[in-house]
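Ready to get to know a new structure by working through it? Below are some short exercises, each with a solution that goes step by step.

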Number of protein chains: 2
Amino acid sequence: MKKWVYAFGDGKAEGDASMRNLLGGKGANLAEMCQIGLPVPPGFTISTDVCAWYYGNGESYPEELAGQVTAALKAVEETVGSGFGDPANPVLVSVRSGGRASMPGMMDTVLNLGLNDETVVGLAAASGDERFAWDSYRRFIQMYGDVVLGIDHYSFETLLEDVKAEVGATLDTEMGASDWQELVKRYKDMVDAELGEPFPLEPHTQLWGAVGAVFGSWMNQRAKTYRRLHGISDDWGTAVNVQAMVFGNMGDDCATGVAFTRDPSTGDNRFYGEYLINAQGEDVVAGIRTPQNLTTEGRLAHGSEDPAMEESMPEIFGQLDAVRTRLEGHYKDIQDIEFTVQRGKLWMLQTRSGKRTVPAAIKIAVDMVEEGLISKDEAVLRVDAAQLDQLLHPMLDPSAEVEVFGRGLPASPGAASGIVVFSSDEAETRAQAGEDVILARTETSPEDIHGMHAARGIVTTRGGMTSHAAVVARGMGRPCVAGAGDVRIDYQSQTMACGGKSVAAGDKVTIDGASGTIMLGDVPTLQPTFSDGFRQIMVWADERRRMRVRANAETPTDVRTALEFGAEGIGLCRTEHMFFDSERIVAVRQMIMAEDEAGRREALERILPMQRADFVEIFKIMAGLPVTIRLLDPPLHEFLPHSEEEMAEVAKAASTTVEEVKRRAARLEETNPMLGHRGCRLAVTYPEICEMQARAIFEAAADAVAETGEAVIPEVMIPLAATKAEIDTLKAVIDAVAVDVSASRNCAIDYLVGTMIELPRAALQAGAIAESAEFFSFGTNDLTQTTFGLSRDDAGQFLGAYLEQGILEVDPFISLDREGVGELVQIATDRGRATRPNIKLGICGEHGGDPSSIEFCEQVGLDYVSCSPFRVPIARLAAAQAAIAADQKT
Amino acid sequence: MKKWVYAFGDGKAEGDASMRNLLGGKGANLAEMCQIGLPVPPGFTISTDVCAWYYGNGESYPEELAGQVTAALKAVEETVGSGFGDPANPVLVSVRSGGRASMPGMMDTVLNLGLNDETVVGLAAASGDERFAWDSYRRFIQMYGDVVLGIDHYSFETLLEDVKAEVGATLDTEMGASDWQELVKRYKDMVDAELGEPFPLEPHTQLWGAVGAVFGSWMNQRAKTYRRLHGISDDWGTAVNVQAMVFGNMGDDCATGVAFTRDPSTGDNRFYGEYLINAQGEDVVAGIRTPQNLTTEGRLAHGSEDPAMEESMPEIFGQLDAVRTRLEGHYKDIQDIEFTVQRGKLWMLQTRSGKRTVPAAIKIAVDMVEEGLISKDEAVLRVDAAQLDQLLHPMLDPSAEVEVFGRGLPASPGAASGIVVFSSDEAETRAQAGEDVILARTETSPEDIHGMHAARGIVTTRGGMTSHAAVVARGMGRPCVAGAGDVRIDYQSQTMACGGKSVAAGDKVTIDGASGTIMLGDVPTLQPTFSDGFRQIMVWADERRRMRVRANAETPTDVRTALEFGAEGIGLCRTEHMFFDSERIVAVRQMIMAEDEAGRREALERILPMQRADFVEIFKIMAGLPVTIRLLDPPLHEFLPHSEEEMAEVAKAASTTVEEVKRRAARLEETNPMLGHRGCRLAVTYPEICEMQARAIFEAAADAVAETGEAVIPEVMIPLAATKAEIDTLKAVIDAVAVDVSASRNCAIDYLVGTMIELPRAALQAGAIAESAEFFSFGTNDLTQTTFGLSRDDAGQFLGAYLEQGILEVDPFISLDREGVGELVQIATDRGRATRPNIKLGICGEHGGDPSSIEFCEQVGLDYVSCSPFRVPIARLAAAQAAIAADQKT
């Protein structure tokens with residue numbers, strides 16, 4: 001006979017914590033607490049298998065279920081020494097849902113089940129408190145009527161208000177036993193009228209009604225939506241927990257409380273919790289009475305006069321403190337517990353892993369290793385890598401008062417204050433004058449790089465989490481609020497407005513990129529500090545990870561930041577970022593405007609020494625570490641002048657007319673620039689650009705070696721290749737320059753030539769491409785755009801709807817789409833390695849800093865991930881976690 | 001001992017026509033002609049294996065080669081009864097390259113090899129013509145010096161001019177024996193001076209020099225480039241043919257000529273050729289003397305007085321005519337032959353398959369089936385499907401005189417005349433007034449559809465073979481010259497100019513879309529007529545093909561054309577094309593401008609009856625055949641108004657302001673519209689659009705069934721899906737409408753719901769998608785764009801360079817890229833069929849009308865191809881050829 005029901009109580013249990021999938025989190029932990037001898041009110045769990053059977057068989061129950069429930073209920077009666085539905089001495093039960101993952105939207109709890117017109121009298125007698133008994137009865141009808149019978153809770157509240165008005169009561173506490181009795185009567189009449197049948201009074205009918213309601217709620221709309229959004233399978237199902245009630249509100253020798261085994265906010269190893277004497281669990285949460293501290297230390301810290309439990313119930317507190325030690329020793333993690341004291345006896349109602357802040361998670365993990373509770377591997381796994389971001393940027397002072405101006409997307413974390421400016425040029429000018437500025441633009445483009453660099457923070461009114469502003473800001477570690485759609489910027493009047501408020505250029509604002517908030521005035525911020533715990537976790541993580549972590553950076557500042565954050569190389573140096581400097585852009589524009597190769601070569605001659613100087617500095621900073629330099633990638637029109645003034649400047653530099661500049665600019669316009677004349681297509685059509693860049697790289701390498709004596713092995717990366725022939729064509733150009741530089745400098749030039757894999761065709765052709773390419777770097781931003789046929793810049797119009805409707809579970813630009821993009825990465829990895837077993841494989845898209853994507857990279861077996869400097873610690877931790885997870889699987 | 005050399009001559013040969021790969025085309029056919037007893041001057045072929053050995057072994061020869069050549073040469077000497085290098089009676093030889101595919105860029109021919117200061121005397125004696133002997137000798141030195149010794153031919157020409165001037169000769173014919181002798185002396189002196197060593201006089205040295213030059217030329221730059229562009233492997237190598245010389249210029253009993261066994265222009269079964277008495281082969285080609293007709297019939301047809309060979313050399317002609325019959329009976333195809341008559345004896349120098357026009361190819365194929373020479377399958381294979389296009393459109397009258405105005409790309413075949421207009425509205429107005437118009441635009445957009453429809457032909461100055469204008473024009477069957485970059489259109493002055501000429505609106509021009517020419521004035525054109533042969537070939541093709549052929553069409557005119565051309569259904573009905581009609585566009589714009597669902601629904605209510613009426617007509621025309629209707633696909637902004645006038649109209653219809661219209665239009669602008677808010681993303685965000693379209697389809701189906709009694713099974717196609725969830729979401733909307741229409745019309749609605757596979761992710765996820773989709777249609781235009789990361793609209797900037805440099809062998813928008821896009825099609829096919837074995841699979845990209853792509857579709861096993869109506873015959877033929885090829889393989 002299949003077992004559907006698992007009993008627990010009286011120091012024994014049929015389940016344990018390992019049976020989470022079958023019994024749900026709550027049921028498994030109740031059984032586990034029984035197993036280790038903690039005082040748990042007896043009960044039983046109806047397994048998740050019943051839920052699956054229920055939906056697999058037209059919403060009916062397995063035949064054996066009724067008998068197993070009866071037997072388990074009998075065991076409960078025997079343990080507590082009273083009968084379910086016994087008018088003289090009734091046992092009441094709670095019925096709670098509980099799946100393997102906690103899930104809002106499900107039916108939650110029915111308490112006091114088993115009460116009716118007869119057992120209420122027995123409860124009054126047993127408790128010696130008639131008011132308590134009738135109050136419990138009316139609460140039960142209200143709860144059951146709402147969640148099981150589906151009656152609008154407003155119907156109950158109206159009747160409650162009526163009776164209160166009639167007896168002249170304002171607060172519930174002013175209601176007497178007879179008032180509650182009257183309300184019970186009216187509740188039952190109302191239910192009868194609404195449903196056309198009386199409220200069920202038979203306790204077993206009540207019980208099966210509640211069990212059915214739990215299972216029924218598994219398929220309600222809210223629950224289904226939640227599951228779809230959180231990737232929970234419909235097949236998991238929920239369990240039902242039926243447990244004898246204990247009461248913390250039967251007098252002054254009763255109490256109820258919640259606690260964490262350590263401080264969940266700081267992680268300090270301190271018992272941390274609250275309790276109330278003569279109260280029910282919901283009273284602690286509801287805030288009608290102020291809960292008291294559990295410990296004397298806590299009371300003193302809060303300056304409270306109300307006695308701590310340690311003082312008022314020292315013996316019970318002693319028992320509870322022992323439970324705390326027992327639970328931590330057993331679960332080896334901070335626990336979040338609920339307990340009730342009924343007439344001097346402690347009962348444990350729940351234990352679960354405690355939610356904690358990031359600093360607390362770090363401290364607890366490190367402490368527990370020192371306490372011998374967990375291994376270093378476990379400690380590394382305990383810290384949420386994605387949340388680490390919080391520690392790496394300035395935060396708003398939590399105690400500060402703020403006046404919110406507007407909201408947008410939390411595009412890049414950190415808080416910053418400064419005066420608002422509406423142009424990048426002004427941002428630069430005023431920053432050079434020593435002012436802190438916040439740059440506000442409808443959107444940003446590559447021409448705003450200098451302004452974004454100069455600014456403390458960035459606001460845009462258009463674009464999403466992966467818009468230009470967001471991506472660049474994260475790369476630079478600048479706080480950014482993007483796509484603040486309600487804010488209107490008026491460049492003409494140099495103001496921005498939102499909800500009736502207006503901010504002019506020069507006014508002070510503060511932004512919080514972690515929450516997406518724009519605030520008026522100067523809100524104080526706190527600088528990030530790295531705790532010893534943080535450093536310790538990173539040391540353990542570094543010992544453990546297999547993948548290397550590099551950074552995407554090109555300015556000396558960013559390269560230095562990357563090194564400080566622990567980057568082991570540069571995975572993506574975007575040479576075009578070096579082109580926007582105001583001194584250089586004119587030469588770059590002159591190159592673009594040139595109508596022939598000779599003209600381009602002349603302009604390139606001017607750019608060469610600047611690029612070379614950049615590379616020398618990067619090589620020197622990264623001394624000896626690998627540096628991957630990508631050849632010019634963006635469409636040329638991104639560099640074009642827009643204002644008349646800029647056009648005149650270019651016309652002059654290129655010895656041509658403004659008309660000609662405009663004509664050429666118009667010719668460079670593209671319908672779909674993302675799929676246009678960019679990447680290696682530039683170098684194929686204008687090999688002299690590739691030649692200049694290769695020369696700058698190799699000459700810089702020679703210079704850096706001469707200066708530092710450290711070996712420099714530049715990795716020259718060809719972007720946007722779709723064919724092996726492109727690589728061959730450009731490799732020939734690069735190799736020729738290397739031979740030339742090697743001869744003229746009289747030194748050996750050691751280098752690799754590789755390619756981005758960022759087009760589906762390149763992934764499929766990886767076998768052939770690897771014949772020529774010595775490394776692959778997965779450009780998963782563009783690979784996601786092409787695989788999905790989805791423009792990052794334009795997805796804002798519909799991606800929100802896709803996520804809301806659950807068509808996509810996550811934004812594929814934030815977390816790598818394993819099914820589609822991931823399969824291409826896997827294919828390219830397999831085919832690349834088949835051709836060239838020792839090929840170097842990495843990822844340099846934004847995904848290189850996303851923990852879930854990093855886990856995927858470990859599974860595929862990449863050699864390194866590369867991400868923005870500020871995400872390097874996250875990547876180090878996530879890489880370690882992925883390595884540990886991989887080991888645990890095997 | 002490996003055999004490297006294959007002898008032929010005297011009615012025997014060691015090779016035959018089947019050994020083309022080893023002996024090259026020329027060598028194999030010379031051997032074959034010997035085998036079947038035709039008179040061929042003796043010789044031998046050094047096989048392509050020697051070429052491979054040569055390059056595999058540091059440009060050296062296999063040890064056994066010299067011996068085998070000596071033996072073969074000896075056999076030649078024995079056959080002709082004279083010695084190689086014998087001063088008394090020398091045999092001279094020709095040395096020619098010849099690979100398995102004919103290939104420009106290779107060393108071609110050295111004639112008269114074996115001549116030197118001694119043998120020239122022997123030749124003079126043997127021929128009795130001293131001038132002939134010395135002329136032959138100087139020609140030999142000139143040819144050998146140029147192609148073997150690498151001396152600039154200019155050096156020889158200068159000396160020739162010198163001698164001519166000295167002796168006062170203008171023409172070569174005025175030169176006597178002693179003049180040639182003087183020139184030989186100067187040639188030898190010049191070679192000695194240039195090379196620092198004398199011209200090789202020893203005949204065997206000459207022979208090995210020529211053989212080496214042939215092999216060396218296999219790897220010269222021109223040959224390598226040609227091979228890369230034409231997909232010929234470097235490994236194939238070339239053979240070398242050494243053959244005894246015969247002379248057609250030894251007197252009046254000598255002649256030389258070329259002929260086709262049938263008329264290569266009409267296909268008529270008539271001997272067709274030219275000859276010259278007392279001449280060399282090159283004289284026929286060079287055009288110094290006018291060649292005479294071979295047959296009396298030919299002479300009379302050309303109105304020539306010069307005697308035909310049939311008249312001047314009746315006996316030889318009889319032999320030649322017998323050879324003609326023999327060759328056709330043997331090769332079972334039209335042959336292109338070369339012959340020489342030396343002193344009354346006929347020698348065959350070459351035979352090969354004859355190039356022919358498309359009408360000729362058809363006539364010859366059908367005739368040869370009737371003559372019992374070939375099977376129907378072979379006849380079907382004999383017609384080049386790609387060239388069939390020529391037959392389906394009007395052509396320029398070849399006898400007309402033309403004045404060329406400018407040139408562009410041959411974007412859509414056919415010729416047309418009319419007055420030039422520069423706007424689509426004017427095109428429509430003047431066409432309605434009964435005028436023939438040619439629409440000239442810098443480029444076209446979807447708003448020009450009505451103008452393009454109204455025009456006889458289209459000219460653009462921007463865009464490539466796959467630009468909007470080109471694609472739409474081909475779909476409509478309108479001639480189009482696209483991307484005429486030298487033509488400047490000035491809308492302001494309503495003129496276009498090119499190379500100093502100017503054309504004003506209203507002036508007559510003629511365009512030829514097959515050659516890309518724009519001509520001034522009204523050039524007469526010929527209407528296409530379908531020959532009986534054409535009809536016969538199509539009948540045989542239809543019997544033979546496995547795949548169905550459908551058409552991409554949506555207007556009643558196009559649908560009717562498709563049916564006439566033999567389409568078996570509509571594979572792609574683009575509903576958006578129905579939206580641009582001037583009556584409808586306002587309602588469509590009103591829908592787009594609506595800020596909420598209610599506003600959109602109101603506008604959609606106005607569009608519904610129009611869409612329904614369209615579908616009713618299509619269903620009626622295609623009575624009983626499948627019709628695939630694609631839901632709205634393009635980004636909404638494609639429908640937006642541009643002129644102030646249009647904006648005002650929309651503002652009025654939508655009860656809003658022009659400002660608001662502009663604001664909304666700006667919000668709809670996209671950076672990369674190809675990857676933006678389009679395809680099923682529109683229907684996911686605005687389900688009411690999908691609802692309206694489904695309703696129009698199902699109500700139309702019900703109407704059409706009621707009217708015609710023929711079953712209508714619409715196939716509703718969801719565009720641009722990347723996930724199964726998108727299909728599920730929209731299928732639910734479509735199914736609900738079907739239930740509703742079915743109830744309200746009280747009839748069963750039979751339909752399929754399927755999807756385009758046009759994104760790499762969809763191809764990879766085809767297994768999951770097939771759970772919901774009942775058919776796939778490969779949208780290979782967009783699949784090519786995303787797989788390559790290549791915008792069709794922008795590729796013009798660099799695709800030319802890619803093709804020129806051989807990085808891409810063919811434009812992937814014209815012929816399906818089998819390596820990349822093809823692999824995705826294969827993956828999707830495999831995975832789709834694994835999930836749903838009977839899934840219906842087709843292709844509806846432009847590739848559906850391209851023979852090479854159709855061959856791929858057959859290999860993958862698609863159920864049908866769909867192409868523009870005018871390409872349906874091409875697709876029918878290509879599908880049959882692919883099916884035959886597939887059968888031949890197995």
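The exercises that follow are about a predicted model.

**Exercise 1. The interface**

Work out how many residues of chain A are in contact with chain B, and describe the interface between them.

*Solution.* Start with the residues: 45 of chain A touch 45 of chain B. Next, take the area. Chain A and chain B bury about 4,300 Å² between them, and carbon and sulfur atoms give 54% of that. Then look at polar links: there are 26 residue pairs in polar contact between the two chains, counting pairs with both residues at pLDDT 80 or more. On the chain A side, the elements that give two or more residues are helices H25 (680-685), H27 (724-745), H28 (760-764), H30 (780-788), H31 (799-804) and H32 (821-835). Last, sort the residues on that side by type: 18 are nonpolar, 16 polar and 11 charged.

**Exercise 2. An arginine with two partners**

Find which residues of chain A form a salt bridge with B:Arg761.

*Solution.* Begin with the interface count, which is 6 salt bridges between chain A and chain B. Now go to B:Arg761. One partner is A:Asp817, with the closest N and O atoms 2.6 Å apart. B:Arg761 sits in helix H28 (residues 760-764) of chain B and A:Asp817 in the loop between H31 and H32 of chain A, so this pair joins two chains. B:Arg761 and A:Asp817 are both buried. The other partner to note is A:Glu819, where the closest N and O atoms of the pair are 3.2 Å apart.

**Exercise 3. Salt bridges inside chain A**

Say where A:Lys501 and A:Glu403 lie, then look at A:Glu568 and A:Arg548.

*Solution.* For scale, the whole structure has 128 salt bridges over all chains. A:Lys501 and A:Glu403 form one, at 3.9 Å from N to O. A:Lys501 belongs to strand S21 (residues 501-504) and A:Glu403 to strand S13 (residues 403-407) of chain A, so the pair links parts of the chain that are 98 residues apart. Both are partly exposed: A:Lys501 has 31% relative accessibility, and A:Glu403 has 43%.

Now the second pair. A:Glu568 and A:Arg548 meet at 2.9 Å, N to O. A:Glu568 is in the loop between helix H20 (556-564) and strand S26 (570-574), while A:Arg548 is in strand S25 (residues 548-552), so this salt bridge ties together parts of chain A that are 20 residues apart in sequence. A:Glu568 has 19% relative accessibility, so it counts as buried.

**Exercise 4. A helix in chain B**

Decide whether helix H18 (residues 468-476) of chain B is largely enclosed, and why.

*Solution.* Count the buried residues: 8 of the 9 in H18 of chain B are buried, so the helix is largely enclosed by the rest of the structure. Among them are B:Ala469, B:Val472, B:Arg474 and B:Met476. Then ask what covers them: the cover includes strand S14 (409-412), helix H17 (449-454) and helix H20 (556-564) of chain B. Finally, step just past the helix, where B:Gly477 takes a positive phi of about 75°.

**Exercise 5. The core**

Find which residues have the most contacts inside the largest nonpolar core.

*Solution.* This core has 307 residues, and the ones with the most contacts inside it are A:Phe698 and B:Phe698. Leaving out residues up to four places away in sequence, A:Phe698 touches A:Val716, A:Ile734, A:Val737, A:Ala738, A:Val741, A:Ile749 and A:Tyr751.

Technical notes. Residues numbered from 1 in each chain as written. Chains lettered and ligands numbered in written order. Predicted model: local features only at pLDDT ≥ 70, side-chain atom pairs only at ≥ 80, totals over all residues. Heavy atoms only, no water. Contact = heavy atoms within 4.5 Å. Buried area = accessible area lost by both parts, 1.4 Å probe. Salt bridge = Lys/Arg side-chain N within 4 Å of Asp/Glu carboxyl O. Polar contact = N/O pair within 3.5 Å; in protein donor to acceptor, adjacent residues only side chain to side chain. Helix = DSSP H or I, 4+ residues; strand = E, 2+ residues; numbered from the N terminus. Nonpolar A, V, L, I, M, F, W, Y, C, P; charged D, E, K, R; others polar. Core = buried A, V, L, I, M, F, W, Y, C linked by side-chain atoms within 4.5 Å. Buried < 20%, exposed > 50% of the residue type's maximum accessible area, 1.4 Å probe, protein only.
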